[in-house]
Each structure stands twice: as C-alpha cells, then as structure tokens.
Amino acid sequence: DLNLLAVTVLTSMNEAQLRSLKVNNTPEAQVLHLADITLKAGIQGLVCSSLELAPLRTRFGSQPIIVTPGIRPAGSAADEQKRIMTPAAAAKAGSSYIVVGRPILKADDPAAATHAIQAELT
C-alpha cells in the first residue's frame, strides 16, 4: 500500500523564518492549518515537528500517520533543528514514525547509537 504524506513546517524553521516567508501564523497554527487542508484532501499523513504532535492528535485522533523528523537523543547536538524532541518523548506524544539522522550518522559507532535509541523506545 502507498501512503501519501504532506510536509507541513520544517523542523529547522521557527516563527521568525515563517514571518520571512509572509506566513503570520505560529509554527503550531501553520501546521494545524496545513493539516486541515491536506487531510481533507485525502492525504494519509503528515511530516511535522514532534512539538505539534499533541495538538494534531487532539484535533485528528490516531488516524493520520505522523512522521517526526528532528528527533534527537538526550545530549545530542540540535544542529540546525529548532523544534526537537527525544525519541521516547516523540513516541509517547503519538508519533507514528520518528526520523533520526545525524545523531546516528555522526556517531562514532552508528550501530550502538541505533541500539541505544531502540532501547529507549522499548
């Protein structure tokens, strides 16, 4: 089965960057606005910051798939990410799938970093 996902507001963006694009909403309000449009159009899920999980789950329930990039294990560098959460916190908040990139790719032992994240989630 194929599922279509819509990207809402990038995890590397904050309110000031939205304003520079002439978007006058907060990141959360913009994510909810875009979610309304895309889910009504039949899209199966969303890509958004984990910080928007609670309001999305409150409004739309458990049905939409929600993928959350910008996930950072405790103690990891945020890099350019502005809206982040730990793997366990994102899972608890209702993320369907988490995306962890650089904390694994830049680790001295990527396999150990992956196992540590998996252990945190179980």
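In this predicted model, helix α2 passes helix α3 in a right-handed crossing. The two helices pack at an angle of about 35 degrees. Their axes are 10 Å apart. On the α2 side, the contact is made by E28, V31, L32, A35, D36 and L39. On the α3 side, P55, L56, R59 and F60 take part. Sort the residues of this contact by type, and seven are nonpolar, none is polar and three are charged.

**The two helices**

Take α2 on its own. It runs over residues 27-40 and has 14 residues. How far does α2 reach from its first C-alpha to its last? The span is 20 Å, close to the 20 Å expected at 1.5 Å a residue.

The buried residues of α2 are P27, Q30, V31, L32, A35, T38 and L39. Several elements cover them, including β1, α1 (15-20), β2 and α3. Four residues appear both in that buried set and in the contact with α3: V31, L32, A35 and L39. After α2 comes G42, with a positive phi near 100 degrees.

Now α3, which spans residues 53-60. Its buried residues are L53, P55, L56 and R57. What do they pack against? They meet α2, β2, β3 (65-68) and α4 (87-93). P55 and L56 are buried, and both also belong to the contact with α2. G61 follows α3, and its phi is positive too, near 75 degrees.

**The sheet**

Next come the strands. Four of them form an open sheet in the order β1-β2-β3-β4, with parallel pairing. Which strands lie at the edges? They are β1 (5-7) and β4 (97-98), and each pairs on one side only.

β1 pairs with β2 (residues 45-47) in the parallel sense, over three bridges. In this pair, V7 has V47 of β2 as its bridge partner. β2 is also joined to β3 by three bridges, and these two strands run parallel. Here G45 stands opposite I65 in β3.

β3 deserves a closer look. In a regular strand the side chains alternate between the two faces of the sheet. Are the two faces of β3 covered or bare? Both are covered. I65 and V67 lie on one side, I66 and T68 lie on the other, and all four are buried.

**Four single residues**

Four residues help to show how burial varies along the chain. The table sets them side by side.

| Residue | Place | Relative accessible area and class |
|---|---|---|
| R72 | loop between β3 and α4 | 5%, buried |
| L51 | loop between β2 and α3 | 41%, partly exposed |
| Y97 | strand β4 | 53%, exposed |
| K22 | loop between α1 and α2 | 72%, exposed |

Start with R72. Why does R72 count as buried? Its relative accessible area is 5%, and buried means under 20%. R72 touches A77, A78, D79, Q81, I84, M85, T86, P87, R102 and P103, leaving out residues up to four places away in sequence. D108 is 36 residues from R72 along the chain, and the C-alpha atoms of the two are separated by 16 Å.

L51 is partly exposed because its relative accessibility is 41%. Neighbours within four places in sequence aside, L51 is in contact with R83, I84 and M85. I84 and M85 are also touched by R72. L51 and V67 are 16 residues apart in sequence and 12 Å apart in space, C-alpha to C-alpha.

Y97 sits in strand β4. At 53%, Y97 counts as exposed, because the cut-off for exposed is over 50%. Which residues does Y97 contact, neighbours within four places aside? They are I65, I66, V67 and T68, the four buried residues of β3. Y97 and A29 are 68 residues apart in sequence and 22 Å apart from C-alpha to C-alpha.

Last comes K22. At 72% relative accessibility, K22 is exposed. Its backbone is notable as well. Most residues other than glycine have a negative phi. What is the phi of K22? The value is positive, near 70 degrees, in a residue other than glycine. K22 lies in the loop between α1 and α2.

Notes:
Residues numbered from 1 in each chain as written. Predicted model: local features only at pLDDT ≥ 70, side-chain atom pairs only at ≥ 80, totals over all residues. Heavy atoms only, no water. Pairing = 2+ DSSP bridges. Buried < 20%, exposed > 50% of the residue type's maximum accessible area, 1.4 Å probe, protein only. Contact = heavy atoms within 4.5 Å. Axes fitted to C-alpha atoms, helices over the stretch in contact; angles between N-to-C directions. Left-handed = near helix turned anticlockwise from the far one by under 90°. Nonpolar A, V, L, I, M, F, W, Y, C, P; charged D, E, K, R; others polar. Expected span 1.5 Å × (residues − 1).
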